[in-house]
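Me: I've got a model open and some labels on it that I'd like to see justified. Can we go through them one by one?

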Amino acid sequence: MSTGTAQRPDVVQPRLGLVGWLRWTWRQLTSMRTALFLLLLLAVGAIPGSTFPQRSIDAPRTAQYIADNPTAGKVLDALGFFEVYASPWFAAIYLLLFVSLIGCVLPRTRILWHQVSSTPPKAPRRLDRLAAHRSTELDGDPDEVRERLRAALRRRRYRVHAHDDTTLSAEKGYVREAGNLVFHVALIGILIGVGWGHLLGWKGDVIVPEGETLANTLSRYDTFNPGPWVDVNDLEPWTLALERLDVEFETETKGRGQFGAPRDFEATTTFTPGDGDPEQRAVRVNGPLETGDGTVFLLGNGYAPRITVRDAQGTELYSEPTVFLPQDDNYTSVGAVKVPGASPKGLGFAGFFLPTGVIDSTSGPHSIFPDTLDPQLALTAFEGELLPGGRPQSVYALDTEEMTPIAGADGTDQLRILLKPGQTFELPGGRGSITFDGVERFAGFSVRTDPGKLFTLVSAMAALFGLVASLVVRRRRLFVRVSPGGSPGRTVVSVGGLAKDDDEGMGDEVAAVLDALEGAR
């Protein structure tokens, strides 16, 4: 006998190869676990879009954020956090989720088609071993009872098949599987609709004072966010003139609600399509205007005091309604007046418009009621460079980085101006004057075009229907066996039920089938 150790040949491990790795990657990507993870990752990836300013929506605010946070701002900008929905990593998550859902749907469709097109399986030999089982003896020969059972099962929406002369196999609940499939297909539809709207849709926001007109052109919008495939030079031509903005505020403290609360907003406009006649249309908070190319929403309102600035010779340097943005429920509003044509230095005014103004030492300038019961304009004046560094800035704020305050004539370090409608203030040092001519209202309009919204809506409704069907409908199988009874003209009926998942109502279903059979005698 040999005492040496037997030598085992080297074990060769199987290799997947390129095709094997591709198949493994596809199976991982199209698994339900991966789809759920990508859906969660998509939701997490959208958080920066609502946390950080987005360049396509508010470029000045984004630039200011980067300037205020130079180190973190550059890193976040490089990672695409200021343009989340157009970033490569967000698009990658979106596309992977799309592919994963398609990979989930295709095999499910094939399995459902195979199940629907095939017959129910044969009845097992021992029905009493099923979770739900019941036997009874009825009048009638076996063939007659079996036909009555077939009719009773079909009335209960079962698909019935007989594999032999003594048994019946019945199934129902494929709507559950179909609902699950519809839900996944609808999710794909939602992704397509959202992507369609993102690529071909656009959104523009603009503030329009009373008496002015919005033309549907790129240069007229305050902010404009087009989709990647939108030709901004090919917008549908139409105009919208704001004739009047009617606002009603609560003036009573009992019965109707909070004092000063808004009751109604309605913008009376004249809409002129590119190839049609002007028509008067009303735009309300919950009553947008359809233009054919988009939808016009009334999102905000406020006041635009008309301000005129003249030089020392009386020449008008600035004269127009100036939008002041509301900051509270009483419409204490902030704004800025920029006069780059002033000489020798540009002039800037920043401050508050107060519809019903009060100035005290505790709260400073503020409004105590949102309507124009006592309108006042409280401003401070500066001179210098209005556009430091040439970087973009908001038209509603004054960047004083390269400006100096104008001193008051009484020797104070900061000139303070308080005006009521019709009043003029002479600026010190021969700089000219500023006049508060009157007050106009403005409306904030948002124009949105989303070609995929109807498709997204239908898909969302289909997803809801599919989800409800997959949760409510039960997948059930019933098996029936008939045999001669203990006496002539009698038949023993055995019914067994089997559910795909936990189904506490399976026993009641078996009993209901027999009760229906006995009631049909």
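Me: Let's start with strand pairing: which residue stands opposite Y303 in β22?

Reply: R441 is the one facing Y303 there. Before we go on, this is a predicted model, where local features need pLDDT of at least 70 and side-chain atom pairs count only at pLDDT 80 or more, while totals for chains, interfaces and linings use all residues. Numbering starts from 1 along each chain as its sequence is written, and side-chain values use heavy atoms, with hydrogens and water left out.

Me: What makes β11 and β22 a pair?

Reply: Two strands pair if DSSP finds at least two bridges between them. β11 and β22 (residues 432-449) have 15 bridges in the antiparallel sense, so by that rule they pair. The strands themselves are DSSP runs of E with at least two residues, and helices are runs of H or I with at least four, all numbered from the N terminus.

Me: How do you know that β10 and β11 pair as well?

Reply: There are 2 antiparallel bridges between β10 (residues 289-290) and β11 (residues 295-310), so the rule of at least two is met. E290 sits opposite T295 in β11. Their hairpin has 4 residues between the strands, and G292 takes a positive phi near 100 degrees.

Me: What does β11 do with β12?

Reply: β11 and β12 (residues 316-321) pair antiparallel over 5 bridges. That hairpin has 5 residues between its strands, with G314 in the turn at a positive phi of about 90 degrees. R310 stands opposite E316 in β12.

Me: What makes E316 and R310 a salt bridge?

Reply: The term needs a side-chain nitrogen of Lys or Arg within 4 Å of a carboxyl oxygen of Asp or Glu. For E316 and R310 the N to O distance is 3.7 Å, so the pair qualifies. By this rule the count comes to 22 salt bridges.

Me: Why are E316 and R310 called partly exposed?

Reply: Buried means under 20% relative accessible area, exposed means over 50%, and partly exposed is in between (1.4 Å probe, protein chains only). E316 has 48% and R310 has 25%, so each lands in the middle class.

Me: How do you know that R159 and E171 form a salt bridge?

Reply: Their closest N and O atoms are 3.1 Å apart, so they pass the distance test. R159 is in strand β2 and E171 in strand β3, so the pair ties together parts 12 residues apart in sequence. R159 is partly exposed at 28%, whereas E171 is buried at 2%.

Me: And what makes K172 and E509 count?

Reply: Their closest N and O atoms are 3.6 Å apart, so the rule is satisfied here too. K172 lies in β3 and E509 in helix α10 (residues 506-519), so this pair ties together parts 337 residues apart in sequence. Both K172 and E509 are buried, and they are linked with R156 and R476 in a network of salt bridges.

Me: Why are β1 and β2 called edge strands?

Reply: They belong to an open sheet of 5 strands, ordered β1-β24-β23-β3-β2 with antiparallel pairing. β1 (132-139) and β2 (159-161) each have a single partner strand, so one side of each has no neighbour in the sheet. Inside that sheet, 9 bridges join β23 (residues 476-484) to β24 (residues 490-499), and S483 has V492 as its bridge partner in β24.

Me: Why is L127 called buried?

Reply: L127 has 4% relative accessibility, so it falls in the buried class. It lies in the loop between α6 (88-117) and β1. Leaving aside neighbours within four places in sequence, its contacts (heavy atoms within 4.5 Å) include H133, F479 and V495.

Me: What makes up the nonpolar surface patch?

Reply: I192, W196, L200, W229 and F455 make a patch of about 520 Å². Patch residues have over 30% relative accessible area and no salt bridge; nonpolar side chains (Val, Leu, Ile, Met, Phe, Trp, Tyr) are joined within 5 Å, like charges within 9 Å. Areas come from the Shrake-Rupley method with a 1.4 Å probe, and for residues only the protein chains shown count as cover. F455, in helix α9 (residues 453-472), has 38% and counts as partly exposed, so it clears the patch cut-off. Helix α8 (residues 174-200) gives the largest share, 3 residues.
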